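Biologist: I have a new model to look at. Can you walk me through it?

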Amino acid sequence: MLTVLLILIPFIAGLIAFGLKGSGPKVLGMIASLASVAIAIGAGCTFHASPDKLSFVASWIPQLGSQFRVGLDGMGVMLCLLTAIAFLLVFITIYNRDIERPNGFYGLMLLSQAGLIGVFTAFDALQFYIFWELALIPVYFLCSMWGGEKRIPVTFKFFVYTFLGSLLMLVGIIYLYFQTPDHSFSWTSFTSLQLSMGDQKWLFWLFFVAFAIKMPVFPFHTWQPDTYDQSPTPVTMILSGVMVKMGLFGLLRWLMPVVPQGAAMWTDVAIVLSIIGIIYASCIAIVQSDLKRLIAYSSIAHIGLMSAAIFAHNEQSTQGVLLQMFNHGINIIGLWIIVEVIQNRLGVKNMDQLGGMARKAPRMAIFLVIISLANIGLPLTNGFIGEFLMFSGLFQYNHWFMAFAGLGIILAAVYTLNMVQKVIFGEGNTLTDNTTDLQPGETLALSLVVIMIFVLGVYPQPMLDLVSKVF
């Protein structure tokens, strides 16, 4: 029942928020996000004690062989916890912001949270597809209604990319449905199929392209920098911290178990595309002056490493990916919170217009340095252990792939430290000299991020124990 509550609470709260006025939507959003975090933690404790209690099956569309089937393994618990924490951090950060049409904004955000949780808990392919769309459609409206000046063409591009990917995935799901002996959409029926190599070769690409667009992986990434740039920063936090994990999750839950021979055949191609994305995105990030676009390209590079590690397909690489999905989400949201603070205070995101902010905003400067170092995998921060495991797994598969992917670490240090230098050090100017330091809500959100960075960096074993137990 806890699994169902994780979906129902944000879904019902989102519907109620549309009818509220004044401060009602943000208060409801905060209550719903706190409840979601509590239930996600409870689900984690229940998983260790009695994992069967986290599964729920009910009749849904029996004529199609589809059931409402949700459950949680270690990966699901971890991603649901990440989702709940991410929305809580976003709502804490923007609690004192004046948002136009708050009922619509918070309502759509909560519906998107329900969709994300549904994706991470679904064990029925048709249900998985519906939740996939439920997570994306609210984001489309959030970007098009609360985004920047170029939001309409950018959102249209985002819609075309994601719709194309969803359509390809739907074709694959329908084909697999007709191959099952019991005409069922259940994950068990799909993974039990004995598909021919010919079928697996082309089915792989239907699912891979859908998931690669969402991550995104080169060359399916071109929607992402513009979307991150034009979306309202709270929405970008969810896109970058949680929603890209839908693609990685799809690879691990659906693609690899359903078409294992197809995945094995195309492994080298997928890894090469991922490594190209790491180097390409890192090089573009180095020359960026726009904070939002720099972090967007940084995210492409980090996701590329996770994608490559998934296809290395050994225990170390997979555990590293699972751990890094959580840690990357926390770190990248921390960076976006700081971008939100800078943009809210100064109205700019161009690093050439910043500088010297450490004198006027010392708390923000300290948080930026810590989160930036975690983002490049400094030892004793949460970013280190996941990257170490992923590189170890890649080395076991092919040491040349590991060597080229390792260039991303060097390039990440270049663009990240350059960002820190330009934003908080150096000489101030008339713009930055008038800034103020963090407000209590912003300090609280960033403090939570930093606590998680050090706790999971010094003692990652509880998370490793969690992600080692996957269905």
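Modeller: What follows is a short chat about domains, a salt bridge, a few loops and one surface patch.
This is a predicted model: local features need pLDDT of at least 70, side-chain atom pairs count only at pLDDT 80 or more, and totals for chains, interfaces and linings use all residues. Residues are numbered from 1 along each chain as its sequence is written, and side-chain values use heavy atoms, with hydrogens and water left out.

Biologist: Which domains does the assignment give?

Modeller: Domain 1 (1-258) and domain 2 (267-470). The bounds come from an automatic or database domain assignment. Taken over C-alpha atoms, their centres are 23 Å apart.

Biologist: How many residues of domain 1 are in contact with domain 2?

Modeller: 49 residues of domain 1, touching 50 residues of domain 2. Contact means heavy atoms within 4.5 Å. About 4300 Å² is buried between the domains, and carbon and sulfur atoms give 75% of that area. In domain 1, M78, R97 and F218 lose the most area to domain 2, together 15% of what that side buries. Buried area is the accessible area (1.4 Å probe) that two parts lose on being put together, summed over both.

Biologist: And how many salt bridges between domain 1 and domain 2?

Modeller: Four. The cut-off is a side-chain nitrogen of Lys or Arg within 4 Å of a carboxyl oxygen of Asp or Glu.

Biologist: What is the closest N and O distance for D226 and R293?

Modeller: 2.9 Å, in a salt bridge.

Biologist: New topic. Where is H328, and is it buried or exposed?

Modeller: H328 sits in helix α15 (residues 315-346). Helices are DSSP runs (H or I, at least four residues), numbered from the N terminus. H328 is buried, at 1% relative accessibility. Buried means under 20% relative accessible area, exposed over 50%, partly exposed in between (1.4 Å probe, protein chains only). Leaving out residues up to four places away in sequence, H328 touches S240, K245, S299, H302, I303 and M306.

Biologist: Which backbone spots should I look at?

Modeller: Most residues other than glycine have a negative phi, and most peptide bonds are trans. The M215 to P216 bond is cis, with omega near -5°. The F218 to P219 bond is cis too, with omega near 5°. P216 is in the loop between α8 (197-214) and α9 (223-230), and P219 is in the loop between α8 and α9.

Biologist: What about phi at L380?

Modeller: Positive, about 75°, although L380 is not a glycine. L380 is exposed, with a relative accessible area of 56%.

Key: Helices (H or I, at least four residues) and strands (E, at least two) are DSSP runs, numbered from the N terminus.
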